Amino acid sequence: WVTTGSPGMNVRTETTTELLPELATARLLVAEDDPGHAEAIRRAFERHGCGAGVVVVRTLAELRRSVDVTPPNLVLVDLNLPDGQAFEVLTSPSSDGPFPIVVMTSFGNEQIAVQAMKAGAIDYVVKSAESFAAMPRTAERALVQWAAMRGRQIAERRARQLNRVYRLHSEINKAIVRIRDVATLLEEAARVAVEEGGFRAAWLGLVEPESQKVLFCRYAGLV
């Protein structure tokens with residue numbers, strides 16, 4: 001907010017700064033049973049050019065139905081709704097969930113805030129006129145944090161996959177050096193693929209030189 005005007009006659013106007021371009025096209029799902037609060041949140045996004053993507057529901061059941069039809073980019077959910085609490089739709093850690101969730105409440109309670117964050121909320125907001133007006137910034141911050149968390153999650157998953165492949169190659173190379181019998185080597189390779197490589201099952205065969213057919217030799221893992 002900026003206050004301008006001559007002494008004794010001040011005018012309070014709202015200034016907006018540029019938000020993430022992704023926010024303008026994001027689908028924002030607001031679960032709020034208080035019509036006044038829901039409208040205040042909608043107006044805040046409209047002032048920033050993001051109102052078109054705001055969908056309001058009043059219950060957890062409506063939230064779940066809406067998510068099933070069209071998954072949102074971000075959910076803003078009141079802690080207490082007529083048919084349950086926000087904790088019921090949270091996933092811990094939050095990066096394992098399908099989208100980020102911001103929990104809102106009318107009461108500033110540190111214990112509940114900590115509980116919500118541990119349960120998987122990406123942010124926690126105490127409802128007020130000021131926090132409603134700042135909701136686009138809250139949403140932007142949540143989307144940026146979510147993107148960073150998912151990026152780290154993907155990088156960590158990729159690193160684990162590469163480590164698993166490295167262990168697999170290393171163990172099979174060791175087996176090649178110490179095992180001379182082909183049947184025993186294939187049996188060990190199948191075991192290594194499952195236990196070291198992390199595969200649910202491994203099927204090994206040899207190519208017949210004349211027919212070029214693959215002949216089954218050894219199997220390990222799920223039957």
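**Note on salt bridges, strand β3 and the Ser94 loop**

1. In this predicted model, the side chains of Arg218 and Glu187 meet in a salt bridge, with an N to O distance of 3.8 Å. The pair links distant parts of the chain, since Arg218 belongs to strand β11 (residues 214-221) and Glu187 to helix α7 (residues 182-195), 31 residues apart. Both partners are partly exposed: Arg218 has a relative accessible area of 29%, and Glu187 has one of 47%. For the cut-off of 4 Å that defines a salt bridge, the distance to set beside it here is 3.8 Å. The structure holds 13 salt bridges, and the next two points take up others that involve helix α7.

2. Within helix α7, Glu188 and Arg191 are 3 residues apart, which means that about one helical turn separates them. Their side chains meet in a salt bridge at 2.6 Å, N to O. As for accessibility, Glu188 counts as buried at 15%, whereas Arg191 counts as partly exposed at 30%.

3. Arg191 also takes part in a salt bridge with Glu195, where the N to O distance is 2.5 Å. These two residues are 4 residues apart in helix α7, so that they too are separated by about one helical turn. Glu195 is exposed, its relative accessible area being 54%. Through salt bridges that share partners, Arg178, Glu188, Arg191 and Glu195 are joined into one network. Which members of this network are buried, partly exposed or exposed can be stated for three residues: Glu188 is buried, Arg191 is partly exposed and Glu195 is exposed.

4. Strand β3 (residues 28-31) directs Leu28 and Val30 one way and Leu29 and Ala31 the other way, and all of these residues are buried. The background to such a pattern is that side chains in a regular strand alternate between the two faces of the sheet. A reader who wishes to check the burial should note that both sets of side chains, those of Leu28 and Val30 as well as those of Leu29 and Ala31, fall in the buried class.

5. What does strand β3 pair with? It is joined by 4 bridges to strand β4 (residues 54-57), and the two run parallel. It is likewise joined by 4 bridges to strand β5 (residues 74-78), again in a parallel arrangement. Leu29 illustrates both pairings, for it stands opposite Val55 in β4, while its bridge partner in β5 is Val75.

6. Ser94 lies in the loop between β7 (84-85) and β8 (101-105), and it is buried, with a relative accessible area of 13%. When neighbours within four places in sequence are left aside, Ser94 is in contact with Gly120, Trp146 and Met149.

7. Gly120, one of the residues in contact with Ser94, comes just after helix α4 and takes a positive phi of about 125°. At the start of that helix (residues 110-119), a side-chain oxygen of Asn109 reaches to within 2.9 Å of the backbone nitrogen of Gln111.

Methods
Residues numbered from 1 in each chain as written. Predicted model: local features only at pLDDT ≥ 70, side-chain atom pairs only at ≥ 80, totals over all residues. Heavy atoms only, no water. Buried < 20%, exposed > 50% of the residue type's maximum accessible area, 1.4 Å probe, protein only. Pairing = 2+ DSSP bridges. Contact = heavy atoms within 4.5 Å. Polar contact = N/O pair within 3.5 Å; in protein donor to acceptor, adjacent residues only side chain to side chain.
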